[in-house]
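Student: Could we go through this structure together? I'd like to know what stands behind the labels people put on it.

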Amino acid sequence: MDPLPEHYEPEFESLKDLLIEMSQERSLEALLQLIVRRFAQRPHMALARIWLIRPPDNCIKCINAIECSKSTACLHLAASAGRSIVDAAKTWTGINGKYSRLPMARGKIGRTAATGESLEIVDDDDGMHQWLDPHWIKQEQIKGFFNHALVYRGEILGVLAVFVRTRLPEEHRGNKWVRLVADQAASAIANANAFAEIDRLRRQLEMENAYLRAEVLEAREFHEIIGQSAALSELRKQIDMVAPTNASVLILGESGTGKELAAREIHKRSRRHDRPLIRVNCAAIPRNLYESEFFGHVKGAFTGAVKARSGRFELAHGGTLFLDEVGDIPLDLQNRLLRVLQEGQFERVGDEVTRQVDVRIIAASNRDLQTQITQGRFREDLFYRINVFPIEIAPLRKRKEDIPLLANHFIRLASVKLNTPAPALRSIDIQKLMQYEWPGNARELQNAMERAVITSRFEMFNIDLGNPHPHKHTEIKKNKHPKSSLDVKTKSELMLLERENILTALRKTQGRLYGPNGAAALIHMKPTTLASRIKKLGIKKTNFEG
């Protein structure tokens, strides 16, 4: 190795530009690369590396997995730069090699990370005979090794280590300039982490706002649980009991009974009320997009993934995730969901980074999940994971005393939406409502009241429920036409009939328009035509989703 050149300046003088650039860099990755690259460009410098303290990941592939299996943190190689003198084309920029993960307190790097004590070894010290790879030391003519902990406000963030190929004069020894750079690097790393967290929170807030704006449009109709029946009183008691806890809740009930409303009440009264309630309609997600919808994806993970996207679990971090129609999740994907519920960890599609998440789960289903378990369509362990506190919502036909209150509530909501005076329910109207079986439950009642308010703008207030006993078979006499078939329909009546027919198709297909099992196929209409009719008739998701 050549001696130091005559123009060689003390390190702490010539590194001023680096210190200035470090203070201006906001990206953590760019900051780390800047430090090691500048070190590697210096005369007689062999290798510079930075390890950061992080939670363990990919431990199965790590050669130290057994040794640090119980550790909550280890050293991750985050940046590396250097060049071999044996092979001029060989550079040491990779971070996935033998030393990509190091246990805390093990070896020179690990001890510095654990204790914060700097280390300086030169070729005239005894320590030079204790290298892990003496062949590499000799081959690359390494004459010194310096490392220093990256400490910010008393917290050790990682370790900066450099290897030199010359005997530096005493006044240039590494303990001065490595410490100087390490101290400034720790501050710059803390700032970069803060900027990254601010940017993450900003993006998450933007996504939450966009999501919640859509949710508010659907949820604003429900201000509280309406009713005074014994069944609803019991429901309120159950919500009061479970809401303050973090227990998983499984809400069971027929379609339209208000399972989402109960989930919102639980979240609203929980300690997580200041964080979002994120809803996932498991029945409406295309099968090939389940993982992306739940866990997110990175750019280029699959065709169409033009940018990275956070999943619903990530959006719900610190809050509540409502899995509506959980029984519709495909069996082969339930295992991944179970892992997140058990360990609070997941990876985005196409990404190897393991992310931590803190989410409370509220699931809902109108199916008998235990029957699905028997049929092999739902995992038993997943069922017990979400069924910590079961709540069953009674159908409307079993709490008919709630019907008048609900009907008046829905009339007021419809009147506000349509900007029209709210008609009053008469005794004959209430009697008609009480005699009906309500197979569609509260949702069907809401639709009926909205329909009645719409027609009342053109004629007398009238509630049209069709057959008051829809579950019973009504025989039609031969050679006789039903009376209604001979009646002439007005334009508004025809529009209402069309609207109800489309709503029925949407309920049966769970909101799907396209495909052989979509609503358009049921009605024998082009999907684009159906979409146009839905918009014209003012049909929204709240009219047909549970």
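Tutor: What follows is a short round of questions and answers on those labels. This is a predicted model, in which local features need pLDDT of at least 70, side-chain atom pairs count only at pLDDT 80 or more, and totals for chains, interfaces and linings use all residues. Residues are numbered from 1 along each chain as its sequence is written, and side-chain values use heavy atoms, with hydrogens and water left out.

Student: Let's start with the sheet. What makes E8-E11-E14-E7-E15 an open sheet, and which are its edge strands?

Tutor: Five strands line up in that order, with parallel pairing. Strands here are DSSP runs of E with at least two residues, helices are runs of H or I with at least four, and both are numbered from the N terminus. The edges are E8 (277–281) and E15 (389–392), each of which pairs on one side only. On average, neighbouring strands are turned by 20 degrees against each other, direction ignored.

Student: How do you know that E8 and E11 pair?

Tutor: Two strands pair if DSSP finds at least two bridges between them. E8 and E11 (residues 320–324) have five, in the parallel sense, and Val280 stands opposite Leu323 in E11. E11 and E14 are joined in parallel over four bridges, with Thr320 partnered by Arg360 in E14. Four bridges also link E7 to E14, again parallel, and there Leu250 has Ala363 of E14 as its bridge partner.

Student: Why is E14 called largely enclosed?

Tutor: Buried means under 20% relative accessible area, exposed over 50%, and partly exposed in between (1.4 Å probe, protein chains only). Six of the six residues of E14 are buried, so the rest of the structure largely encloses this strand. Arg360, Ile362 and Ala364 point one way, Ile361, Ala363 and Ser365 the other way, and all are buried.

Student: Gln141 and Glu325 caught my eye. Is Gln141 buried, exposed or partly exposed?

Tutor: Gln141 has 32% relative accessibility, so it counts as partly exposed. It sits in the loop between H5 (134–139) and E5 (144–152), and has a positive phi of about 60 degrees although it is not a glycine.

Student: And why is Glu325 called buried?

Tutor: Glu325 counts as buried because its relative accessibility is 9%. This residue lies in the loop between E11 and H11 (331–343), and its phi is also positive, about 55 degrees, although it is not a glycine.

Student: On to the helices. Why is H14 called oblique to H16?

Tutor: H14 (residues 403–418) and H16 (residues 441–455) pack at about 50 degrees, with axes 8 Å apart. That angle makes H14 oblique to H16: under 35 degrees is roughly parallel, over 145 roughly antiparallel, 65 to 115 roughly perpendicular, and the rest oblique. The axes are lines fitted to C-alpha atoms, for helices over the stretch in contact, and angles run from 0 to 180 degrees between N-to-C directions.

Student: Which residues of H14 and H16 meet?

Tutor: Contact means heavy atoms within 4.5 Å. Among the residues that meet are Phe410 and Ile411 in H14, and Leu445 and Met449 in H16. The residues of this contact divide into 12 nonpolar, two polar and two charged (Ala, Val, Leu, Ile, Met, Phe, Trp, Tyr, Cys and Pro count as nonpolar, Asp, Glu, Lys and Arg as charged, and the others, Gly among them, as polar).
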